[in-house]
Amino acid sequence: MGWKDWFDVGGGESMTEKTTQYDDGSSKYESLRTNDSSKEDHQHTWINYDKDGNVQSGGSTPGKDQK
């Protein structure tokens, strides 16, 4: 599944998200958060889940530039 439409999260910020399902039943949730709906200037967060929905790993890039 691809990126969803950007939506307002308040404070002048927007967010988009997607979830990828893998053949082994595991999945990866990702979100982008930005001030200007830019896939270049954003904070990227991800969480990897096993087939039972347990968190396996995750992380995020540094925060987006404040303009």
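Two strands are taken to pair if DSSP finds at least two bridges between them. With that in hand, the predicted model described here can be read strand by strand. The protein contains five strands and zero helices, and along the sequence the pattern reads β-β-β-β-β. Confidence averages a pLDDT of 88 over the protein, with 85% of the residues scoring at least 70. Among the elements, the lowest mean pLDDT, 90, belongs to strand β1 (residues 7-10), and the highest, 96, to strand β5 (residues 55-60). As a friendly reminder for anyone zooming in, where pLDDT is low the predicted coordinates should not be read in detail.

The strands form an open sheet of five, in the order β1-β2-β3-β4-β5, with antiparallel pairing. Because β1 and β5 stand at the edges with a single partner strand each, one side of each is left without a neighbour in the sheet. From one strand to the next, the twist averages 25°.

The pairing can be followed in detail from strand β3 onwards. Strand β3 (residues 27-34) is joined to β4 by seven bridges in the antiparallel sense. Within this pair, Ser31 stands opposite Thr45 of β4, and Ser27 has Tyr49 of β4 as its bridge partner. Strand β4 (residues 43-49) also runs antiparallel to β5, to which five bridges join it. Here Thr45 appears again, with Ser60 as its bridge partner in β5. Thr45 thus has a bridge partner in β5 and also stands opposite a residue of β3, Ser31. The hairpin of β4 and β5 has five residues between the strands, and Gly53 in this hairpin takes a positive phi near 85°.

Three residues give a closer view of the sheet. The first to consider is Phe7, which is found in the edge strand β1. Phe7 counts as partly exposed because its relative accessibility is 34%, a value that falls between the 20% cut-off for buried and the 50% cut-off for exposed. Setting aside neighbours within four places in sequence, Phe7 is in contact with Glu13, Ser14, Met15, Thr16 and Glu17. The C-alpha atom of Phe7 is 9.6 Å from that of Arg33, a residue 26 places away along the chain.

One of those contacts, Thr16, lies in strand β2 (residues 13-21). Thr16 counts as buried because its relative accessibility is 0%. A polar atom of the Thr16 side chain lies 2.4 Å from the backbone oxygen of Lys4. Beyond its neighbours within four places in sequence, Thr16 is in contact with Trp3, Lys4, Asp5, Trp6 and Phe7, and also with Glu30, Ser31 and Leu32. Ser31 is therefore a link in the picture, being in contact with Thr16 and standing opposite Thr45 in β4.

Ser27, in strand β3, is likewise a buried residue, with a relative accessible area of 12%. Apart from neighbours within four places in sequence, its contacts are Thr19, Thr20, Gln21, Tyr22, Ile47, Asn48 and Tyr49. Tyr49, included among these contacts, is also the bridge partner of Ser27 in β4. The C-alpha atoms of Ser27 and Lys51 are separated by 7.2 Å, although the two residues are 24 apart along the chain.

For the protein as a whole, 24% of the 67 residues count as buried. About 4400 Å² is exposed, and carbon and sulfur atoms supply 45% of this area. Of the contacts between residues at least 6 apart in sequence, 20% join residues at least 24 apart.

How values were computed: Residues numbered from 1 in each chain as written. Predicted model: local features only at pLDDT ≥ 70, side-chain atom pairs only at ≥ 80, totals over all residues. Heavy atoms only, no water. Helix = DSSP H or I, 4+ residues; strand = E, 2+ residues; numbered from the N terminus. Buried < 20%, exposed > 50% of the residue type's maximum accessible area, 1.4 Å probe, protein only. Polar contact = N/O pair within 3.5 Å; in protein donor to acceptor, adjacent residues only side chain to side chain. Contact = heavy atoms within 4.5 Å. Areas by Shrake-Rupley, 256 points an atom, 1.4 Å probe, with all protein chains shown as cover. pLDDT = per-residue confidence, 0-100. Axes fitted to C-alpha atoms, helices over the stretch in contact; angles between N-to-C directions.
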